[in-house]
Amino acid sequence: IPTSSAHSVAPMPTVVPNRPRYETVGEAGTKTLWVVFVIMFLSTLAFTVMAWRVPVQKRLFHVITAFITLFATLSYFAMATGDGNSYAEIILRETHKRTPDTIEYVYRQVFWARYVDWSLTTPLLLLDLAFLAGMDGASIVVAIVADLIMVLVGLFAAYGKTDGQKWGYYAMACAAYLVVVYQLVVSGRRAVSAKDNKTAKLFASIGGFTLILWTLYPIVWGVGDGARKWSVDSEIIAYAILDVLAKPVFGFWLLFTHASTTATTVDGWWSNGLGSEGS
Ligand code: RET
């Protein structure tokens, strides 16, 4: 290859990389993270105090619910202080007929602390619902394992480099989510129909609330992390609203209503260690 001569023309580059672009958290996002941290912390204290005020046989929902907001407190502390995140590299390539291809590198801040939080708290939320309904062990295991697959594959999706990778993982996570929905709607409803009317009503309303909220998460993800139509701050605010509804609001609703509607304790071996006939 001739290095340079009077006749040679510099070859046109086939790709033109841009200066990398960063999508990152701003002031509104950081403030929101702190506000949610405080809400989660206060809710954890409240659920703990509520747990102490009932006998241990009635404490199961309180304990699960307090741990849910405790994990959220920890993850929001991480995110608010600038921890628990890193930048996903996204490669956008455009092919043109006449001009050289362009390649664009975008770095978007991904808060992986969310996925750590979700992998612990969404199974606990499912346990709340499963114990309320009195679901069988097999259905509970399927729901929880599918839920874990959903969250972990969702994490891979968030770090997907290309559209194919990202949306491929996203589709798998959505399939896993449908398994969770199936377990709640079919197995959960079947189980709760054997219980008293008030419990069945509570399960229907709080389960419906859960399904609507949970379905909004993949939508926020798709608009934010997925299509990058929303800024990192807008995404943080959207998740903040959903998280407060899905954890503290869900928790207070469950604990207050369950306490006032049922005189019974949670039944099953898990409530008292005496076997299902034991109480
Ligand atoms: C992801 C992206 C991939 C597709 C799907 C998702 C679902 C997430 C859900 C999260 C629920 C979180 C809750 C948090 C509690 O505070 C991972 C966003 C389906 C359902 C309830």
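# A quick tour of one chain and its ligand

So, let's start at a loop. G82 sits in the stretch between α2, residues 60–80, and β3, residues 86–94. Before I go on, please keep in mind that this is a predicted model.

Is G82 buried or exposed? Its relative accessibility is 53%, and the cut-off for exposed is over 50%, so G82 counts as exposed. Now look for V25 on your screens. Going along the sequence, G82 and V25 are 57 residues apart, yet their C-alpha atoms are 9.1 Å from each other in space.

Okay, let's zoom out. How many helices and strands does the chain have? There are eight helices and four strands. If you walk along the sequence, the order goes β-β-α-α-β-β-α-α-α-α-α-α. So the pattern opens with two strands and closes with a run of helices. The chain has 279 residues, and 44% of them count as buried.

Let me show you a couple of those buried ones. In helix α1, which covers residues 27–52, you'll find T44. T44 has a relative accessible area of 9%, and buried means under 20%, so T44 is buried. What does its side chain reach? It gets to the backbone nitrogen of L70, at 3.3 Å.

The other one is R108, over in strand β4, residues 101–110. With a relative accessible area of 1%, R108 is buried. Which residue does the R108 side chain touch through a polar contact? That would be E23: the contact runs side chain to side chain, at 2.8 Å.

Now for a residue in between. W167 belongs to helix α5, and its relative accessible area is 31%. That value falls between the 20% and 50% cut-offs, so W167 is called partly exposed. Here's another pair for you to find: W167 and G222 are 55 residues apart along the chain, while their C-alpha atoms are separated by 9.0 Å.

Right, on to the ligand. Where does it sit? It's in the largest cavity. The ligand has 15 residues around it, and the closest are A173, W214, Y217, D243 and K247.

Which parts of the chain supply that shell? Five helices each give at least two residues: α3 (113–133), α4 (137–158), α5 (163–192), α6 (197–226) and α7 (232–261). The largest share comes from α6, with four residues. And what kinds of residues are they? The shell splits into 11 nonpolar, two polar and two charged.

Let's go through a few distances, and for each of these we're looking at an oxygen atom of the ligand. For K247, a side-chain N or O atom is 2.7 Å from a ligand oxygen. For D243, the distance from a side-chain N or O atom to a ligand oxygen is 3.4 Å. For Y217, a polar side-chain atom lies 3.5 Å from an oxygen of the ligand. As for how covered the ligand is, on its own it would expose 540 Å², and the protein buries 100% of that.

To recap, then: we began at the exposed loop residue G82, stopped at T44 in helix α1 and R108 in strand β4, and ended with a ligand sitting in the largest cavity. If you want one thing to look up afterwards, try the 2.7 Å pair between K247 and the ligand. That's it from me, thanks for listening.

Key
Residues are numbered from 1 along each chain as its sequence is written. This is a predicted model: local features need pLDDT of at least 70, side-chain atom pairs count only at pLDDT 80 or more; totals for chains, interfaces and linings use all residues. Side-chain values use heavy atoms; hydrogens and water are left out. A residue is near a molecule or strand if one of its heavy atoms lies within 4 Å of it. A polar contact is a pair of N or O atoms within 3.5 Å; within protein, one must be able to donate a hydrogen and the other to accept it, and residues adjacent in sequence count only if both atoms are side-chain atoms. Accessible areas come from the Shrake-Rupley method with a 1.4 Å probe; for residues, only the protein chains shown count as cover. On a 1 Å grid over the protein atoms alone, a cavity is a set of points where a 1.4 Å probe fits but cannot get out, and a pocket is an open set with protein on both sides within 12 Å along at least five of seven lines; lining residues have an atom within 4 Å of a point. A molecule sits in a cavity or pocket if more than half of its atoms lie within 2 Å of its grid points. Ala, Val, Leu, Ile, Met, Phe, Trp, Tyr, Cys and Pro count as nonpolar, Asp, Glu, Lys and Arg as charged, and the others, Gly among them, as polar. Buried means under 20% relative accessible area, exposed over 50%, partly exposed in between (1.4 Å probe, protein chains only).
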